[in-house]
Amino acid sequence: MQVIKYPLKSEWQKLTERPIIDNSNLEEKVQYVLDEVKSNGDAAIKRFTLEFDRVELENFMVSEQEFSDAEIQIEPDLKEAIDTAYANIKKFHIAQKETTRKIETMPGVECWRTSVPIEKVGLYIPGGTAPLFSTLLMLGIPAVIAGCKEISICTPADKQGKINPAILYVAKLLRITTVYKIGGAQAIAAFAYGTETVSKVYKIFGPGNQYVTCAKQLVAKKDMAIDIPAGPSELLVLADGSCVPAFVAADLLSQAEHGIDSQVILVSDSEKIISEVVKELNQQVSVLPRTEIALKALENSKAILFNTLQDGITFANQYAPEHLIIACEKDEELAEQVINAGSVFLGNYTPESAGDYASGTNHTLPTNGYAKAYSGVSLDSFVKKITFQKISKEGIHNIGKTVELMADKEGLRAHKNAVSIRLKNTTK
């Protein structure tokens, strides 16, 4: 991890840059997969599954027997942990439901807005080196609460053609029975265009590797809605002298282990704290199963010493992290100044991994600075907001002259006439 001391404000923008990965041929490769699946459907899916995942599948659909087997295979303690996370996430997302309120903007003119579920959604769940059953909880729970009619899942099978039992257990818990053994860009293509087996959806959710991310971005250009722009994981920790350096190091490594293109940033007003955290990083990383991945990610990462915590929080807002931990004595006071972050974690006892799994908040969040304009996935991600209005005879007379005048001044005579004809044929 590179240590940077007292950077000038003119240098801050450079410090917010994410790791640059050479993807020069990526878009062309992914577009080829998308086009092939669009043209050849299941045949292309089978071919790419064999080529990329090294597994030959005749049937993509998960059978009832596979669901039953998964429930038996999963360890009781993991089942209990999943059930606890399920309850917390469900409770937090149910609270996001909105009630419809009719607003009378003037006598006789009523307006209201209603949340309507997106009918068909596709959830992509990574299943490679880290089968993310937690992501299925994060996406499946709000999809079910929203009332989406058709919820389908794509997740890659292992070399034996099997899906991780925890993923199938969560799917069964959510009562989602449509699960396809498809991964990578070909899964995104199947969701976007449909095949003989896979039904086309209206919106695609879920994280993935660079191929999945690129595929989502390409289909979003003209064919399909997606959840959010999401790339490699990232975390910024703002820490002062009250933090526990071992905790901070553990948090940084929890994100660094995601992938070699992940980035973690430590920001502090204490050189002593930075030194102690770096020491802890070196000790803790050596015993991790994913040591090599974490070390590569740390090469992309920085510890930045600022004169004040105020400079630190200002820099954090400029960086706009996916995850922000405020390990400071005045954590809640500093949190009031946060304007750009995907999700915020306060104090010494709130690890980012709690939000990843079980506290209740959603872990599908904007990365690469998109937190400046995007929110993380929530119940709102699975609904459309449709506005309604109803105008009475009294109302059309109250609002009529306003609309006539505005339409006339814009030169839209038919717009004006749609009001005028009503005024001529009604009385208050």
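Student: How do you know that strand 2 and strand 3 pair, and in which sense do they do so?

Tutor: Two strands pair if DSSP finds at least two bridges between them. Strand 2 and strand 3 have three bridges, so the condition of at least two is met and the strands count as paired, in the antiparallel sense. One of the partnerships joins E104 to E110 in strand 3. The strands form a hairpin with two residues between them, where G108 takes a positive phi near 90°. Strands here are DSSP runs of E with at least two residues, and helices are runs of H or I with at least four, both numbered from the N terminus.

Student: On what basis do these assignments rest?

Tutor: The model is predicted, so local features need pLDDT of at least 70 and side-chain atom pairs count only at pLDDT 80 or more, whereas totals for chains, interfaces and linings use all residues. Residues are numbered from 1 along each chain as its sequence is written, and side-chain values use heavy atoms, with hydrogens and water left out.

Student: Which residues are linked with K385 in a network of salt bridges, and what makes K385 and E98 a salt bridge?

Tutor: The network links E98, R113, D380 and K385. A salt bridge requires a side-chain nitrogen of Lys or Arg within 4 Å of a carboxyl oxygen of Asp or Glu. For K385 and E98 the N to O distance is 3.6 Å, so the pair satisfies the cut-off. K385 lies in strand 14 (residues 383-391) and E98 in the loop between helix 5 (76-94) and strand 2 (103-106), so the pair ties together parts that are 287 residues apart in sequence. By this rule the count comes to 15 salt bridges.

Student: Why are D227 and K216 called buried?

Tutor: Buried means under 20% relative accessible area, exposed means over 50%, and partly exposed covers what lies in between, computed with a 1.4 Å probe on protein chains only. D227 has a value of 10% and K216 one of 5%, so both residues fall under the limit for buried. Their side chains meet in a salt bridge at 2.7 Å, N to O. D227 lies in the loop between strand 8 (225-226) and strand 9, and K216 in helix 9 (residues 210-222), eleven residues apart. By contrast, K385 at 28% and E98 at 46% are partly exposed.

Student: Why is the aromatic pair of F48 and F52 called stacked?

Tutor: A pair of aromatic rings is described by the distance of the centres and the angle of the planes. Rings of Phe, Tyr and Trp (its six-membered ring) pair if their centres lie within 6.5 Å; planes under 30 degrees apart count as stacked, over 60 as edge-to-face and the rest as tilted. F48 and F52 are 5.5 Å apart centre to centre, with 0° between the planes, so both the pairing and the stacking conditions hold. The two residues are four apart in helix 3 (residues 42-53), separated by about one helical turn. F48 is buried at 1%, whereas F52 is partly exposed at 43%.

Student: How do you know that W112 and F388 are also stacked?

Tutor: Their centres lie 5.8 Å apart and their planes make 10°, so this pair meets the stacking rule as well. It links distant parts of the chain, with W112 in strand 3 (residues 109-117) and F388 in strand 14, 276 residues apart. W112 is buried at 17%, and F388 is partly exposed at 36%.

Student: What makes K102 a charge over the ring of W112?

Tutor: The rule asks that NZ of Lys or CZ of Arg be within 6 Å of the ring centre and within 35 degrees of the ring normal. The charged end of K102 sits over the ring of W112, 4.3 Å from its centre, so the distance condition is met. Likewise, the charged end of R18 sits over the ring of Y319 at 3.7 Å from its centre. Y319 also belongs to a cluster of ring pairs with W12, F306 and F315.

Student: Why are strand 1 and strand 13 said to stand at the edges?

Tutor: Six strands form an open sheet in the order 1-11-10-9-12-13, with parallel pairing. Strand 1 (2-5) and strand 13 (343-346) each have a single partner strand, so one side of each is left without a neighbour in the sheet. Within this sheet, strand 10 (residues 263-268) and strand 11 (residues 302-305) are joined by four bridges, and I265 has K302 as its bridge partner in strand 11.
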